[in-house]
Amino acid sequence: MHFPIVRPRRLRRTESIRRMVRETRVTRDNLILPAFVVPGEGVAEEIGSMPGFFRFSVDRLVEEAREARDLGLPAMLLFGIPESKDPLGSGAYAADGIVQRAMRRLKETVPEMLLFGDVCMCEYTSHGHCGELVDGEVANDRTLELLARAAVSQARAGADLVAPSDMMDGRVGAIRSALDDAGFEQVPIMSYAAKYASGFYGPFREAAESTPSTGDRRGYQMDPANLREALKEVALDVSEGADILMVKPAMPYLDVIARVREAFELPVAAYHVSGEYSMLKAAARNGWLDEKRCVLESITAIRRAGADMIITYYAKDLARWL
Ligand code: PBG
């Protein structure tokens with residue numbers, strides 16, 4: 001059957017009919033708002049390369065969480081910037097570390113907010129790499145122990161889920177058994193399963209002060225050219241006990257999201273990263289793009305590719321627009 005019998009435009013004529021046949025929907029239910037927490041009080045610093053996005057001290061983060069809750073957002077993903085950094089990133093697993101303090105306060109004040117803790121060393125190490133350095137290289141197996149400690153200390157502080165973003169081999173298994181040994185067998189792991197060595201993390205590194213002082217992350221994060229390798233990474237994380245699989249970044253990797261969605265049964269998350277936010281923001285501020293329209297289109301595309309949940313710096317705006 002073909003034209004003139006088939007006329008696809010029939011189903012596009014009015015918004016009512018378009019609404020009826022729409023295949024993909026974006027809702028607040030599966031958006032996750034990232035947040036950067038810094039030491040001090042009364043701090044709300046706008047991030048230079050992420051206009052409209054702030055770093056908050058714990059007291060101001062509570063206000064941010066209340067606002068997010070009132071907008072109908074269910075979840076936040078926390079990143080910490082500690083008062084001091086050292087080679088072993090001890091701030092990541094200190095019982096009174098910045099993220100641990102923030103989680104405790106948020107659980108007291110906004111208990112319904114679901115808290116994801118980003119588990120990585122790079123915001124906490126003096127050299128900015130995602131693990132312990134031995135002879136200039138990130139030592140995989142020694143780093144596993146630090147990551148496991150960080151995950152357990154976050155769970156103790158009230159994290160509802162932990163999200164390892166370091167890309168060490170074996171980290172999901174190491175974190176799973178450490179959580180279980182500490183009595184946190186109910187805390188799920190959302191693994192950054194296919195995380196690429198991406199230029200789009202640039203603004204985040206300004207926000208988190210986590211640019212490596214030497215070298216880059218290509219020795220542990222994935223080569224942007226590889227898709228089959230993403231499936232291998234994801235399969236490993238599934239076998240080690242991951243509960244949710246994440247692909248990161250999002251827009252340049254829609255093919256990866258789609259393949260992971262097809263090949264695995266677990267929920268899939270996508271991280272619409274800082275550089276994706278900054279590009280849209282910059283163009284919008286220059287009057288070159290319609291911000292609301294382009295953000296909604298981007299997030300819809302990420303959902304259409306197969307992401308069940310999306311981490312995005314636009315979560316609050318989306319909640320207002322939806
Ligand atoms: C920590 C981490 C990074 C991001 C999330 N967790 C930075 C990196 O790997 O360099 C990036 C998030 C973003 O750009 O929005 N390893």
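This note goes through a predicted model of one protein chain, point by point.

1. Overall make-up. The protein chain holds 11 helices and 12 strands. Its radius of gyration is 20 Å, close to the 20 Å that the globule rule gives for 322 residues, so the protein chain is as compact as a globular protein of that length. Along the principal axes, the C-alpha trace spans about 70 × 45 × 40 Å.

2. Burial and contacts across the chain. Of the 322 residues in the protein chain, 52% are buried. When contacts between residues at least 6 apart in sequence are considered, 73% of them join residues at least 24 apart.

3. Surface and charge. The accessible surface of the protein chain comes to about 14600 Å², and carbon and sulfur atoms account for 50% of that area. The side chains include 41 positive and 47 negative ones, and the centres of these two sets lie 10 Å apart.

4. Helix 3. This helix covers residues 98–109, and its 12 residues reach 17 Å from the first C-alpha to the last, which is close to the 16 Å expected at 1.5 Å a residue. Its buried residues are Ile98, Val99, Gln100, Ala102, Met103 and Leu106. An α-helix has 3.6 residues a turn, so residues three or four places apart point the same way. The buried residues of helix 3 pack against three strands and two helices, namely strand 1 (31–37), strand 4 (75–80), strand 5 (114–119), helix 2 (58–70) and helix 4 (140–157).

5. Helix 9. The 12 residues of helix 9 (residues 274–285) should span 16 Å at 1.5 Å a residue, and the end C-alpha atoms are indeed 16 Å apart, which agrees. Nine of these 12 residues are buried, so helix 9 is largely enclosed by the rest of the structure. The buried set consists of Ser274, Gly275, Glu276, Tyr277, Ser278, Leu280, Lys281, Ala283 and Ala284, and it includes the charged residues Glu276 and Lys281. The partners against which the buried residues of helix 9 pack are strand 3 (50–56), helix 6 (202–208), strand 11 (268–272) and helix 10 (291–305). Just after helix 9, Gly287 takes a positive phi of about 75°.

6. The loop between strand 8 and helix 5. Ser165 has its place in this loop, between strand 8 (161–164) and helix 5 (171–181), and at 4% relative accessibility Ser165 counts as buried, the cut-off being under 20%. Leaving out residues up to four places away in sequence, Ser165 touches Asp118, Val119, Cys120, Arg171, Tyr192 and Lys195. Met167 is also placed in the loop between strand 8 and helix 5, and with 3% relative accessibility Met167 counts as buried. The backbone at Met167 deserves a look, for phi is near 70°, a positive value in a residue other than glycine.

7. A positive phi at an exposed position. Most residues other than glycine have a negative phi, and most peptide bonds are trans. Asp135, although not a glycine, has a positive phi of about 50°. Asp135 sits in the loop between strand 6 (133–134) and strand 7 (137–138), and at 82% relative accessibility Asp135 counts as exposed.

8. Cis peptide bonds. One cis peptide bond joins Phe3 and Pro4, with omega at about 10°, and Pro4 lies in the segment before helix 1 (15–21). A cis peptide bond also joins Lys248 and Pro249, where omega is about -10°. Pro249 is found in the loop between strand 10 (244–248) and helix 8 (254–263).

9. Met309. Which strand holds Met309? Met309 is found in strand 12, which runs over residues 309–312, and Met309 is buried, with a relative accessible area of 15%. Leaving aside neighbours within four places in sequence, Met309 is in contact with Asn30, Ile32, Ile244, Pro267, Val268, Ala269 and Ala270. By contrast, Trp288 is 21 residues away from Met309 along the chain, and the C-alpha atoms of Met309 and Trp288 are separated by 28 Å.

Terms used. Residues numbered from 1 in each chain as written. Predicted model: local features only at pLDDT ≥ 70, side-chain atom pairs only at ≥ 80, totals over all residues. Heavy atoms only, no water. Helix = DSSP H or I, 4+ residues; strand = E, 2+ residues; numbered from the N terminus. Rg over C-alpha atoms; globule rule 2.2 N^0.38 Å. Buried < 20%, exposed > 50% of the residue type's maximum accessible area, 1.4 Å probe, protein only. Contact = heavy atoms within 4.5 Å. Areas by Shrake-Rupley, 256 points an atom, 1.4 Å probe, with all protein chains shown as cover. Charge placed at Lys NZ, Arg CZ, Asp CG, Glu CD. Expected span 1.5 Å × (residues − 1).
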